[in-house]
Every structure is written in C-alpha cells, then in structure tokens.
Amino acid sequence: MTDLISLGCAVLTVSDKRTAGDDTSGNLLAQSLAQAGHVCVRRDIVPENLYQIRRVISDWIADPAVQVILTSGGTGFSHKNSVPEAVAPLFDKEIAGFGELFRQLSYAEVGSSTIQSRALAGHANDTVIFCMPGSNDAVALAWTHIIREQLDSSYKPCNFATHLHRRANPA
C-alpha cells in the first residue's frame, strides 16, 4: 500500500473584483486541497494583469515549498483575460490533456460555450500548474474530475504526486 503524499500547494485567484472576503473559488480550492490531505502554503488574489500574474506564479515556481499551483479566473476569451499569455511562457512542458479533458467535461454543462475556455496546465521547475476558469462550477469540475486524482499518490496507473514529491524530499 502506498503512503499518501501531502503536497505543498498555492492558490491564486485572478480577478479585478474578488477580495479575501468573497473569494469563493479560492476558498473552494483551499478547502478541497485540505480535504485531500494537501497543504495550502501560499494564497493570493491578483488583478487581471499579465505581469502581476506572471510575477506571483514565477515566485511560486521558484519556491521549493510549492509543488502545485492552482489558479482560478482569467482563462476566458474577454480582452482582459490574460492567464494563458501570462503563464504558458513559464512552462517547461505543457500538459495539453488538461485543457482538452476540461473542455470535454465542461461541454456537458455549458455546451459549445466551452470553446471559450482557455483552461491550461503545465509543468515548470518541478511544479505542476493548473489554470481554471473562475466560476465555482468550473473549479469544482476540474478539481473533482481531474486534479484531485492527479494529486493523489494512490491513483493508478499514474499521477503527478509521486513525481512532485521528489522536489520536497530529494533522494
């Protein structure tokens, strides 16, 4: 039996309107991480500004305490949404399947509007990064059907937790 691995995680909400008092998607992610046995070691809210988003994500990628970054908001198609442009250049590797699977699952709930979601994921400096839309429904969908299993070290045939654990505990 595999020991469950607890990962150091960071939650970033990208919004011009949200505050710590009403960050429902960030709260949902932080609670979900705790329920799964992970630790939220960093949390922040930034406005929809490419450079502020990139600054926070870059700092967290360089922080050895952070193995997972979850972002909510800023992945849509409006002129202000810039998470993909801010984060994708930081990736060492893209996890293309995340966005594809998210849009496939989302289609059942929002129909063809899912094509306007630019959800994405990648890997940088031994940190996995998942960028989701900001609605609670989208965050819950991504967490429940994709991310939770991929951060679960007992999930087979493969998961990210066993790879990310090496960063915190180098052999």
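A residue is called buried here when its relative accessible area is under 20%, exposed when the value is over 50%, and partly exposed in between, with a 1.4 Å probe and protein chains only. This is a predicted model, in which local features need pLDDT of at least 70 and side-chain atom pairs count only at pLDDT 80 or more, while totals for chains, interfaces and linings use all residues. Residues are numbered from 1 along each chain as its sequence is written, and side-chain values use heavy atoms, with hydrogens and water left out.

Begin with the strands: select β1 (8-14) and β2 (residues 39-46), helices and strands being DSSP runs numbered from the N terminus, with at least four residues of H or I for a helix and at least two of E for a strand. The two strands, β1 and β2, pair in the parallel sense over 7 bridges, where pairing requires that DSSP finds at least two bridges between them. To place one of these contacts, pick G8, whose bridge partner in β2 is V39. Following the chain from β1 through α1 to β2 traces a right-handed β-α-β crossover, a term that applies if, with the strands pointing away from the viewer, the path from the first strand over the helix to the second runs clockwise.

Next come the salt bridges, each defined as a side-chain nitrogen of Lys or Arg within 4 Å of a carboxyl oxygen of Asp or Glu; by this rule the model has 4.

Select R43 and D23, whose side chains meet in a salt bridge at 3.1 Å, N to O. R43 belongs to strand β2, whereas D23 sits in the loop between β1 and α1 (24-35), 20 residues apart from it in the chain. D23 counts as buried at 1% relative accessibility, while R43 is partly exposed at 37%.

Now move to R42, also in strand β2, where a salt bridge with D63 brings the closest N and O atoms to 2.7 Å apart. D63 is in the loop between α2 (50-62) and β3 (68-72), and the pair links parts of the chain 21 residues apart. Here D63 is buried, with a relative accessible area of 15%, and R42 is partly exposed, with 31%.

Finally, select R118 and E85, a salt bridge whose closest N and O atoms are 2.6 Å apart. Because R118 lies in the loop between α4 (96-110) and β5 (120-124) and E85 in helix α3 (residues 83-87), this pair ties together parts that are 33 residues apart in sequence. R118 counts as partly exposed at 22% relative accessibility, and E85 counts as partly exposed at 36%.
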